[in-house]
Amino acid sequence: MKATLRTVRLALAEPLRISRSTMTARDAVWFTVEHEGLTGHGEAVTSVYYGLNTAELERQLYEAGLDLGHFGDPESALRERPAGDRPPAVTAAVEAALLDLCGKRSGLPVHRLLDAKSTRTAMSAPGVPSARTARTIGIVPAQRAAAQARSLADSGFTVIKVKAGAPDPEDDLDRVRAIASAAPRARLLLDPNGAWTSAEALQLLPRYAELDVEAVEQPVAPGDPEALARLAERSPLPLIADEDAVTYEDVRRLAGRVHGVNVKLAKCGGPYEALRIAELIEGSGTELMLGCLTASTLGLAPAVHLADRARWADLDGHLLLADDPWTGIGGADGVVRASELPGLGVRERRVGREDAA
């Protein structure tokens, strides 16, 4: 097998402000595996929060490509899934490329390959996975948020995720009120990205409950999952762990103690690890949210093949881009969909820079 890398810049359509930062663009490294005339693709994106810059991603993926040379075919590499000591985002990109290639070699879409290796949950349904995805509105003035919400509702979105954590909590409340008024039929999720203290959360959560917010992600700073679990016991709203639910062991400690966990392939290590987590929490009272980083359709596609397993889908990262260089999962109408095409079912719209590994 031969692996190649391409690095491209993904610019956002507009800056995305959350409680801890504002993002306008990020780099994506595309990892391609070729074997016997077929190719499989995966993507990893840079992340300041997870300590992954472009050079580090390129180095890690280059070494991962060399490691794949020890396997005779992608099926054996996928069975072994050699993670080593690599960051989860790198492992997820390599696994995605191998799944894409194995799917193309077998003529099966990735969700069929994943079904063959896992126990389908009660929420799963036969057929092609699809889900109504949340669409994120960042920390913007209430009037701007209302206009965005109205446009999203007109396009078919029924779930809106609102970023919170502005210096003045009343600004966040005004934004949610404006969105609820502009899109009254939309389900609302709130994400402060850990901006609140426990005391602030206890004051604010009842006010958001009055606004019919459906659930709140990671209201308090990560690093103290016990505090999050205690807050969940007293919360009038379902609480979803995100930054405190990175690994399988993180989720094991929180299972049954929070109302949901946000599983992102780039933080847990790929589709197979996400399936392990889904099976771990099944029946515990903790429900699955599938989330993402801002990435292209290529980066989102593996999660979309799991979309029917989740209570909440937050798979809009590709929709935030000014120009998505891949296509194949939809989402502009509020619904992301896998396909029955072999592999991930995505195709590239343009070419970036290429370096052989």
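This passage describes the aromatic pairs and the charge-over-ring contacts in a predicted model.

A search of the whole structure returned 3 aromatic pairs. One of the pairs is formed by Trp 30 and Trp 326, whose rings meet edge-to-face, with a distance of 5.4 Å centre to centre and an angle of 80 degrees between the planes. This pair links distant parts of the chain, since Trp 30 lies in strand β2 (residues 22-35) whereas Trp 326 lies in strand β13 (residues 326-327), the two residues being 296 residues apart. Both partners fall under the 20% limit for burial: Trp 30 is buried because its relative accessible area is 1%, and Trp 326 is likewise buried, with a relative accessible area of 2%.

Another aromatic pair, between Tyr 49 and Tyr 50, is also edge-to-face, with 5.0 Å centre to centre and 90 degrees between the planes. Here the partners are not buried but partly exposed, Tyr 49 with a relative accessible area of 37% and Tyr 50 with a relative accessible area of 29%. The ring of Tyr 49, besides pairing with Tyr 50, has the charged end of Arg 20 sitting over it, at 4.1 Å from the ring centre. Tyr 49 thus takes part in an aromatic pair and in a contact with a charged side chain.

A further contact of this kind involves Arg 276 and Tyr 248, in which the charged end of Arg 276 sits over the ring of Tyr 248, at 3.8 Å from the centre of that ring.

Definitions and conventions. Residues numbered from 1 in each chain as written. Predicted model: local features only at pLDDT ≥ 70, side-chain atom pairs only at ≥ 80, totals over all residues. Heavy atoms only, no water. Phe/Tyr/Trp six-rings, centres within 6.5 Å; stacked < 30°, edge-to-face > 60°. Helix = DSSP H or I, 4+ residues; strand = E, 2+ residues; numbered from the N terminus. Buried < 20%, exposed > 50% of the residue type's maximum accessible area, 1.4 Å probe, protein only. Lys NZ or Arg CZ within 6 Å of the ring centre and 35° of its normal.
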